[in-house]
Amino acid sequence: MMSTPRRLAACATALAIALLGATAHAERNPSLAGQTIVQSVEGGRHTKEYGRNGQLIYEVIERQRSRGGKTATEAVEREWSEDGKPLRDQTFLGGNEIKGTTWYLNGQVKETRVDQSLREPGGLPGKYVERFSDQGKLQSAGVFQGQFRPVGTHREYDPAGKLKREVIYDARGNRSSERSYDASGAVIGSERFLPDGSRIRD
């Protein structure tokens, strides 16, 4: 069954909640206040940094992973505020981020990122990025190549989390078409963009 934009939005929100639950509780140990602890783990090491109040504020787990005959360092980095609120959770392989989550200070997920090699291996290369409001509503979703170049279909949502606009970008990051929706989901505008930036309304 093919997923609709609204179904995808609901799935994204559920994923965000699941991610929050997975990293919401960081340990606190007053006896380790201000210290950095490094421990050996299977295939690597685990580093923890504690704040002045003994709150765990940073950790990184580094391991050597072998895939396809090649060995690379996998690193999982997490960061919390001094009152234990999650700030970020990232996984890197060979120095490249393959997934990541950041949070607002109020505990809501701010952004999630996942490499297309994990999410959709046969799709457009890049990172699939979802951004949320501070109230937990999905604001936008789409694939980026590099830090700023959008490619493929990008969706934007209104404050209630309903789809309001869909923009399709070509491989160079230029808009090729755009479609707008009203609150009921009906199309209220559609246009295509030509190479010189001019547009044709459908």
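Strands here are DSSP runs of type E, at least two residues long, and they are numbered from the N terminus. By that reckoning, Thr91 sits in strand β5, which covers residues 86-93. The model is a predicted one, and the whole protein chain carries 14 strands along with two helices.

Taking the chain as a whole, 36% of its 202 residues count as buried. The exposed surface of the protein chain comes to about 12100 Å², and 50% of that is supplied by carbon and sulfur atoms. As for how the chain meets itself, take the contacts between residues at least 6 apart in sequence: 19% of these join residues at least 24 apart.

Back to Thr91 in β5. This residue counts as buried because its relative accessibility is 8%, and the cut-off for buried is under 20%. What does Thr91 touch, once neighbours within four places in sequence are left aside? One group of partners is Glu74, Ala75 and Val76, and the other is Asn96, Glu97, Ile98 and Lys99.

Ser133 offers a loop counterpart. Its place is between β8 (127-132) and β9, and β9 itself spans 138-145. Is Ser133 buried or exposed? With a relative accessibility of 13%, Ser133 falls under the 20% limit and therefore counts as buried. Setting aside neighbours within four places in sequence, Ser133 is in contact with Tyr104, Gln108, Val109 and Gln139.

Val109 leads on to the nonpolar cores. Together with Trp103, Phe132, Leu138, Tyr157, Leu163 and Tyr181, Val109 makes up the largest nonpolar core, which has seven residues in all. There is also a second core, separate from that one, with five residues, among them Ala26, Leu32, Tyr50 and Trp80.

Then there are the pockets. The second largest pocket holds about 240 Å³ of space. Its lining counts 13 residues, and those closest to the pocket's centre are Arg119, Glu120, Tyr128, Thr153 and Arg155. Which elements supply at least two residues each to this lining? They are α2 (116-119), β9 (138-145) and β10 (149-157). Of the lining, the largest share belongs to β10, with four residues. By residue type, the lining of the second largest pocket splits into five nonpolar, five polar and three charged residues.

Methods
Residues numbered from 1 in each chain as written. Predicted model: local features only at pLDDT ≥ 70, side-chain atom pairs only at ≥ 80, totals over all residues. Heavy atoms only, no water. 1 Å grid on protein atoms, 1.4 Å probe; cavity = no way out; pocket = protein on both sides within 12 Å on 5 of 7 lines; lining within 4 Å. Points joined across faces, edges and corners; volume = space filled by probe spheres on them. Nonpolar A, V, L, I, M, F, W, Y, C, P; charged D, E, K, R; others polar. Core = buried A, V, L, I, M, F, W, Y, C linked by side-chain atoms within 4.5 Å. Buried < 20%, exposed > 50% of the residue type's maximum accessible area, 1.4 Å probe, protein only. Contact = heavy atoms within 4.5 Å. Areas by Shrake-Rupley, 256 points an atom, 1.4 Å probe, with all protein chains shown as cover.
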